[in-house]
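Me: I would like to go through the pockets, cavities and cores of this protein one at a time, with the reasoning behind each answer.

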Amino acid sequence: MDQEDIGHNGVNSSNGKMSSKKEKKTAKVKGGGAVKVKDGLVRSVSQSIDQRNAIYGKSSKLIRIEVSRAGILSRASFWWMWTIMLSLYRRGINRLFTFRFMDEDTAETNVQLLEKAWEEELRTEKCQTDMSLSRAMRRAFKKHLLRAVFVISVTFSFSFLGSACILRLLLDHISSVDPDLQTGLIIVVALILCEFCRSFTFSLSWSLNYLNGMRGRAAAMGLLYKKILNLRSLQDKKIGELVNMFSHDSQRIFEAMVNGPFVIGGPFVFLAGSIYLGVLMGVWALVGIGTYILVFLVMKFLNDGIEHFRKQAVSLTGQRVGLMTEILTCMKLIKMNGWERAFINRVTERRQKESKALEGGALLKSVVTSLAPMIPVIASVFMFLGYILSGNHLTAARAFTVISVFYSMSFTLVTSLYGVQTLIDVSVAMSRYKEILLMPEKTSYDKPKDGDVSVEISLATLTWETEEEGDCEATDEDSIIAGLKSTEIKTLSTTTATKSSYTKHSASKDAAPHLDSVESSAILLPKNENSTDTEGNTSLLPALQEIDICVKKGELIGICGMKGCGKSSLLAAILGRMQVLEGELKVNGSIAFLSQDPWIVNGTARDNILFGLPYDAVKYDRIIKATRLDKDFDTFSARDEVEIGDRGLTLSGGQKQRICLARAIYSDSDILLLDDPLSTVDVNMGRHIFAHCIKTILHEKTVFMVTHHLEYLPKCDKVLYMHEGHVVSFGSHAELMTQKSPYAELFVLYNNKYDRILKERMLYRGDKKEVSINN
């Protein structure tokens, strides 16, 4: 399936009219028209772009944020932000819409760098366990990381040089009998320059690290997003896990890129400081260094305790949120049974446990925070006591120098330990990212040899990768053809349960051995149980078996069958979301898919239909009239610019389904997969959509339409009847009726009960009439 950029289209809404009782602000747009913004607030991305165009014009000059190309002085002092701040002060916050990053700082460029490094990692390492996303990140941003490490090393060098050498020279010069003024001034100037260089490089290192952090986070999130768009299935991953990876784990990557380079300085400064203290204090330097190491070991155990409490708090928070979700979902039941006090006690108990875990972690964290500045003092006291009690003379110059070196070592070690902690945290995040990146992508099918063929499936057996995906179609007794009862269905012939009565190659002699082998291996086994191969590995049974059809371009295929027979699975197979076990599947052209559950983004109705494609007024108006959306838009004060809430909360089920249908038609794809598109609309609306959309606008497209309303099937070019994952009947409606196929039995039964079915459907739709909203 061709992937297209998901986003809102910046459509000029100058012709859109919005009425409101509140005060509105109208800005003149260059070239005529106006953009009306309610109460001065931006309500959608498209309106934001229109508002920017209204203020600056479409040809307004973009301001480039040249942070990556700024000089060293500008980066260290953040002087490059001056033009941005001044522009915002003069032109207002809307000036933000004219800012653009340089190409090397954009998410697209950094995603390409990381993707190239990850592909190289996949080629280099044959075993999946040896593949490392962290190594790919280091390879992709090697130049930027080395630059940051070099600047941090220079910073620590100046810090140690000033505290250990220059300060010692200054103290010795002051303690001398006849200090020379010129020499003292030179030492003071050297100390000032050293401290200035340390501060300058330290600020520069943070500037580089934060920029690297933003690049790394954007690259990782972009790569993960692209992968998810092309996944065959989520397997055992939940939506909440993916959201957590984008929010929580991406922040761990950012922190690792920012604080990770500081790890390099800690060991070198500690080693240099230990040698220098040994020269100054002799063997008594071991006392101070040992105390230093001992305190850091204590801090390590305290950090482990903090991590334990943090994990415990996260687990308890998840339990509490799950309980609150359950309460909010079942609030009506709780109120009816008077269970408020019981659930309040449960929530209070969970909250108290969570609070104790948070308090324990906060207590240990405060101890660590207060202990870190005390390390130089504790180490100096023990070392000075031993040095003095042994009969040595401790001078002020030596004492102050030792304390200064300890403080320098303390700062570098604390930053290094924090950097190590972020690297440990990011390793967990990288492992989660790696699991997603190694998951199989959607199958890319070859094109059929015959150019007139749109979809060709040759004796294909397919399966889902997880049991949960295979359960996407219900199999209960009530889930049958719309309007027919389970007792009526049981009267139909059951001879088709074993294998397909139709195959495209039924006349071929070579196909018989293949059919026998498939039938003997899997088709006679229970449907909802797992099978075991010869090596003892448990795998899911095929969801679709011996599918053998050929569909030409421009044909309308009506797919019917009991729920759970594999109709939605067949559409998923064409999309490439199922695993092919045997046979082959070929697809020619782009695909648009309309699922049973409407998928709506938070934006305007027009944004949901265009879905990032250019606006074609003639094409757009024709589609909304064919789907009867124009009647709905007339009831909205903003027409098609009406805001649709998250998941389409402001629309009825039928309106959401028709918006999704309009989006699929507007995409102008070669193949359209419509999974029960008429299930949420009434009888008259369904007939109108079928006649004006499916039969008229899409008459040149290849359409697969799953339906439980069999009255539409005689008007389809071909009918595909499925049962338990097999294609039982495939052909034109007239051919199948003359052959007295299982489909003919079902259709005759449906036709005999049609008056009752139609009456029940109209009564059902009358109880659930589509609700219009007034904006």
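Me: Which helix gives the most to the lining of the second largest pocket?
Reply: In this predicted model, the second largest pocket encloses about 1500 Å³ of space, and among its 42 lining residues those closest to the centre are Ile 306, Glu 307, Arg 310, Gln 421 and Asp 425. At least two lining residues come from each of helix 7, helix 8 (239-259), helix 10 (285-329), helix 12 (340-371) and helix 14 (396-437). The element that gives the most, with 13 residues, is helix 10.

Me: How many residues of each class, nonpolar, polar and charged, does the lining of the second largest pocket have?
Reply: With Ala, Val, Leu, Ile, Met, Phe, Trp, Tyr, Cys and Pro taken as nonpolar and Asp, Glu, Lys and Arg as charged, the lining of this pocket can be divided by class. The division comes to 22 nonpolar, 9 polar and 11 charged residues.

Me: Turning to enclosed space, which helix gives the most to the lining of the second largest cavity?
Reply: The structure holds 3 cavities of 30 Å³ or more, and the second largest has a volume of about 40 Å³. Its lining consists of Arg 75, His 144, Arg 147, Ala 148, Leu 208, Leu 211, Asn 212 and Arg 215, with two or more of these residues coming from helix 6 (142-175) and from helix 7 (181-229). By class, this lining divides into 3 nonpolar, 2 polar and 3 charged residues. The greatest contribution, 4 residues, is that of helix 7.

Me: Which residues have the most contacts inside the largest nonpolar core?
Reply: In soluble globular proteins, nonpolar side chains tend to be buried together. Here the largest nonpolar core has 52 residues, and its largest share, 7 residues, is supplied by helix 22 (residues 653-666). A second, separate core of 34 residues includes Ala 164, Ala 379, Phe 384 and Met 409. Within the largest core, the residues with the most contacts are Ile 609 and Met 705.

Me: Which residues is Ile 609 in contact with, leaving aside its neighbours within four places in sequence?
Reply: Contact is taken here as heavy atoms within 4.5 Å, and the sequence neighbours of Ile 609 within four places are set aside. The partners that remain are Tyr 620, Ile 624, Leu 629, Phe 633, Ile 659, Ala 662, Arg 663 and Tyr 666.

Me: What percentage of the residues in the protein is buried?
Reply: The protein has 26 helices and 17 strands, and its accessible surface comes to about 40300 Å², with 58% belonging to carbon and sulfur atoms. Taking buried as under 20% relative accessible area, the buried portion of the 775 residues is 46%.

Definitions and conventions
Residues are numbered from 1 along each chain as its sequence is written. This is a predicted model: local features need pLDDT of at least 70, side-chain atom pairs count only at pLDDT 80 or more; totals for chains, interfaces and linings use all residues. Side-chain values use heavy atoms; hydrogens and water are left out. On a 1 Å grid over the protein atoms alone, a cavity is a set of points where a 1.4 Å probe fits but cannot get out, and a pocket is an open set with protein on both sides within 12 Å along at least five of seven lines; lining residues have an atom within 4 Å of a point. Grid points are joined across faces, edges and corners, and a volume is the space filled by probe spheres set on the points. A nonpolar core is a set of buried Ala, Val, Leu, Ile, Met, Phe, Trp, Tyr and Cys residues joined through side-chain atoms within 4.5 Å. Buried means under 20% relative accessible area, exposed over 50%, partly exposed in between (1.4 Å probe, protein chains only). Accessible areas come from the Shrake-Rupley method with a 1.4 Å probe; for residues, only the protein chains shown count as cover.
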